[in-house]
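Visitor: Could you take me on a close look at one part of this model, the open sheet and what surrounds it? I would enjoy a connected tour rather than a list.

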Amino acid sequence: MSPAPAAGTPCWFDLSTPDLDGATAFYGAILGWTVTDQGPDFGHYRMCARDGASVAGMAPQQDAAAPPAWMVYLATPDADGAVARATAAGAGLLVPAMDVGPFGRMAVLSDPTGATFGLWQAGSHPGTAAMGAPGLPSWFEVNTPDAIAARDFYAGVFGLSTHKMPGMDYHTLHVPGAEGAETSASYGVLQMNEAWQGMPAHWMVYFAVADVDAAGAQVGALGGQLRHGPFDTPYGRIAVCTDPQGAAFTLIQLAVQDG
């Protein structure tokens, strides 16, 4: 069994959508997922797997006024305690902490800049079983009009350290290592500028693919939209997309690391 994810790090992801069948077909084709309906006892929540490993979930959209969206859940050993710290730090509580059968305990909040996120206290379901390979989540970020406020909120609630990338309005959050040792980044916080045209703050999930140009073309062929890219970065080639129902996500063809 893999070790439990550190507190404050992304551990699970699910899609709220008005068209579960359409989303199942779309993401199954793009990312190679097998999707299984959990039945009426769990509101027909669907579990997505890649090569037998749990990846993400899909849920019927509960609020017709809310846009379809991916949500990132942050790990916590104590959902109730994390809710108390988050609300004291200015978060809005959207769904109070509740048990999800034997699988775990969850809550949904909005950070002080407006980005919605979940908390997950694992029971029998620890979360996403693997990350970083094609068809799996590989990176996560908060896109927000107030990066400093968002950075300080998540760092304070979960005890994370932060770094600003030189020459960029981009911050990374890290789990503190032993004796102050540096750890790899868990996720990023991006300062939204005028190019975002008033979009609200939101979390973004990056899914790895073997060929981002081919996957981007497939997105369009299956009824989604390629919103930006593909374009190259030091970390890989990226395409920002929306699925046929309008939920945003990013595809990344990870850069080959030397050594």
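Guide: With pleasure, and one definition helps at the start: two strands pair if DSSP finds at least two bridges between them. Please keep in mind that this is a predicted model. The mean pLDDT of the protein chain is 91, and 95% of its residues reach 70 or more. Confidence is lowest in β14, at a mean of 91, and highest in α2, at 98.

Now to the pairing itself. Strand β9 (residues 137–144) and strand β12 (residues 185–191) run parallel and are joined by four bridges. Along this pair, Val-142 stands opposite Val-189 in β12. Both strands belong to an open sheet of eight strands with mixed pairing, in the order β10-β11-β12-β9-β13-β16-β15-β14. The edges are taken by β10 (161–164) and β14 (225–233); each has a single partner strand, so one side of each is left without a neighbour in the sheet. On average, neighbouring strands of the sheet are turned by 25° against each other, direction ignored.

Next, let us follow β13. Six bridges join β13 to β9, and these two run antiparallel; here Glu-141 has Met-204 of β13 as its bridge partner. With β16, β13 runs parallel, joined by three bridges, and Phe-207 stands opposite Leu-251 in β16. Seven of the seven residues of β13 are buried, so this strand is largely enclosed by the rest of the structure. In a regular strand the side chains alternate between the two faces of the sheet. In β13, His-202, Met-204, Tyr-206 and Ala-208 point one way, while Trp-203, Val-205 and Phe-207 point the other way, and all are buried.

What lies against the sheet here? Helix α1 packs on it, touching β13 (202–208) and β16 (248–254), and the direction of α1 makes about 10° with that of β16. The helix itself covers residues 20–31, and its end C-alpha atoms are 16 Å apart; this agrees with the 16 Å that its twelve residues should span at 1.5 Å a residue. Its buried residues are Leu-20, Ala-23, Thr-24, Phe-26, Tyr-27, Gly-28, Ile-30 and Leu-31. After α1 comes Gly-32, with a positive phi near 75°.

Back in the sheet, we can stop at Thr-242, which is placed in strand β15 (residues 236–242). Thr-242 has 8% relative accessibility, and because buried means under 20%, it counts as buried. Its side chain makes a polar contact with the side chain of Arg-227, at 3.2 Å. Beyond its neighbours within four places in sequence, Thr-242 is in contact with Val-219, Gly-224, Gln-225, Arg-227, Ala-247, Ala-248 and Phe-249.

One last stop is helix α2 (residues 79–88), whose buried residues are Ala-79, Gly-81, Ala-82, Val-83 and Ala-86. The elements covering them include β6 (92–100), β7 (104–110), β8 (116–122) and α3 (147–158). At the N-terminal end, α2 is capped by Asp-78, which has a side-chain oxygen 3.3 Å from the backbone nitrogen of Asp-80. Just after α2, Gly-90 takes a positive phi of about 105°.

Definitions and conventions:
Residues numbered from 1 in each chain as written. Predicted model: local features only at pLDDT ≥ 70, side-chain atom pairs only at ≥ 80, totals over all residues. Heavy atoms only, no water. Buried < 20%, exposed > 50% of the residue type's maximum accessible area, 1.4 Å probe, protein only. Polar contact = N/O pair within 3.5 Å; in protein donor to acceptor, adjacent residues only side chain to side chain. Contact = heavy atoms within 4.5 Å. Expected span 1.5 Å × (residues − 1). Axes fitted to C-alpha atoms, helices over the stretch in contact; angles between N-to-C directions. pLDDT = per-residue confidence, 0-100.
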